[in-house]
Amino acid sequence: MNLNGFQFNKGELCCEDIAISSIVNKHKTPLYVYSSKNLISSYKKLKDAVSNLNIEILYALKSNSTIGIVTLLGEQGAGADIVSGGELKIAKASKIPTSKIVFSGVGKTEEEIRQAIDSKIKQINVESESELEKIISIANSLNTKVPVSLRINPDIEVNTHKKIATGSNLTKFGLPTDQAISLYQRIKLEKNIKPMGLAIHIGSQIFNNLEFKSAYESLLKVANNLREQGCDVPNLDLGGGVGVNYDNFEVDFTGFGRTIYEVFNKQGYSLSIEPGRSLVANSGILIAKTIYLKRNNKKNFIIIDAAMNDFIRPTLYEANHKIALVKNSTNTEEIFDIVGPICETGDYFSKDILLPTPKEDDLIVIFSAGAYGSVMSSNYNSRPPANEVMINNQKIQLLKKSQSIDDKIKSEASLLIC
């Protein structure tokens, strides 16, 4: 296995040389375990891949907003791409400079817009004419200049899961090109709007850099057109979406950086990118304990103590993550479905996977769980979601302790007291 920060030592999985079993002894399963070494290495690889460009890296908090993760990336120099007022608060709590925060998303409320203006963030990426009207109205009422970028939708189909494709006009994201041009010409006349440029994001889990290139060439064409019309277009926000191969853990930062360079070198724009999954996916694993082995006349099941409330990607996106035993104690292999205890047929992590036959209480690891894992967790079936720890400088650091069901009951019951 070639995954920086995680390795098998004497037959047992370790995170930065600390045995997973010893981590579980201190923090019960299910448990997210992150490698700070992997996270820092991923950031540095991306930074190196775009070092020949005038570019800013804005971490997409939607992929993992645990404060310990965001703080560590901020310490490496990352800014933040946010999509809610809550994420703005988390970015600030993680000591991300507000001058390095960009607010994206199609449904910003008036309260969130005011919050962003008060925080003096870098820019708001506008995704509709109605949103722009709201921002102009607020800016005028405050008599404050608000930095605004327009997100264009290039109407491009990409080869990814339909639920994470965002570059087509069949989706809710961005503005059609002609509308964006018209609105940009308008905002340059607004006394309280500061034009910051254009933004784009065509989707996630993109492995073909030609798809990025096509989108970026479309963006550059619009930006140059606006400049020719006398508009100030200082910055181009290129979004994220670099694919993570969940089979071999590879991320092609080099190819992504080369593509950006080919399109934008010497074009005179400052640039920003919004990586999320590509930075954090391989930095985290989910550890679960085997509760039961169950067999019927058609299937073998490994029932574990993690569930879809902890990690929903397999059932929501049909995602296939590499899964293994933390410590293999047998040479016998069988084909299993790995499932959780939630009362849903969709509560599974893998189907028809060949694994060494575990015993009850054996530990199971789900790899590449650092992105869209804990951040999408819930209390479904009244289950507390997994705790989270990070290995940092050979120490086990607790990042997040989930709310217990007893605390949930106490909180809700207190509201019923008259």
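This note sets out the main features of a predicted model, from the whole chain down to single residues.

1. Overall dimensions. The chain has 418 residues, and a compact globule of that length would have a radius of gyration near 22 Å; the value for the chain is 23 Å, which agrees. Along the principal axes, the C-alpha trace spans about 70 × 60 × 45 Å.

2. Secondary structure. The chain contains both kinds of element, with 12 helices and 21 strands. The points below refer to several of these elements by number.

3. Burial and surface. Of the 418 residues in the chain, 56% are buried. The area that the chain exposes is about 18,600 Å², and carbon and sulfur atoms supply 48% of this area.

4. Contacts along the sequence. Where contacts join residues at least 6 apart in sequence, 69% of them link residues at least 24 apart.

5. Charge. The chain carries 48 positive and 46 negative charges. The mean positions of these two sets are 4 Å apart.

6. The sheet at residues 6 to 19. Three strands make up an open sheet, in the order β1-β2-β3 and with antiparallel pairing. Its edges are β1 (6-9) and β3 (18-19), each of which pairs on one side only. Strand β2 (residues 12-15) is joined to β1 by 4 bridges, and the two run antiparallel. Within this pairing, Phe6 has Cys15 in β2 as its bridge partner.

7. A cis peptide bond. The bond from Thr29 to Pro30 is cis, and its omega is near -5°. Pro30 belongs to the loop between α1 (20-26) and β4 (31-35). A reader following the backbone from α1 to β4 will therefore meet Pro30 in that loop, given that helices and strands are numbered from the N terminus.

8. Positive phi at Lys120. Although Lys120 is not a glycine, its phi is positive, at about 55°. The residue sits in the loop between α5 (110-119) and β8 (123-126). Is Lys120 buried or exposed? Lys120 counts as exposed because its relative accessibility is 65%, and the cut-off for that class is over 50%.

9. Positive phi at Asp352. Asp352 is another residue other than glycine with a positive phi, here near 55°. In which strand is Asp352 placed? Asp352 lies in β18, the strand formed by residues 348-356. For Lys120, by contrast, the location is a loop.

Key:
Residues numbered from 1 in each chain as written. Predicted model: local features only at pLDDT ≥ 70, side-chain atom pairs only at ≥ 80, totals over all residues. Heavy atoms only, no water. Pairing = 2+ DSSP bridges. Rg over C-alpha atoms; globule rule 2.2 N^0.38 Å. Buried < 20%, exposed > 50% of the residue type's maximum accessible area, 1.4 Å probe, protein only. Contact = heavy atoms within 4.5 Å. Areas by Shrake-Rupley, 256 points an atom, 1.4 Å probe, with all protein chains shown as cover. Lys, Arg positive; Asp, Glu negative; His and termini not counted. Charge placed at Lys NZ, Arg CZ, Asp CG, Glu CD.
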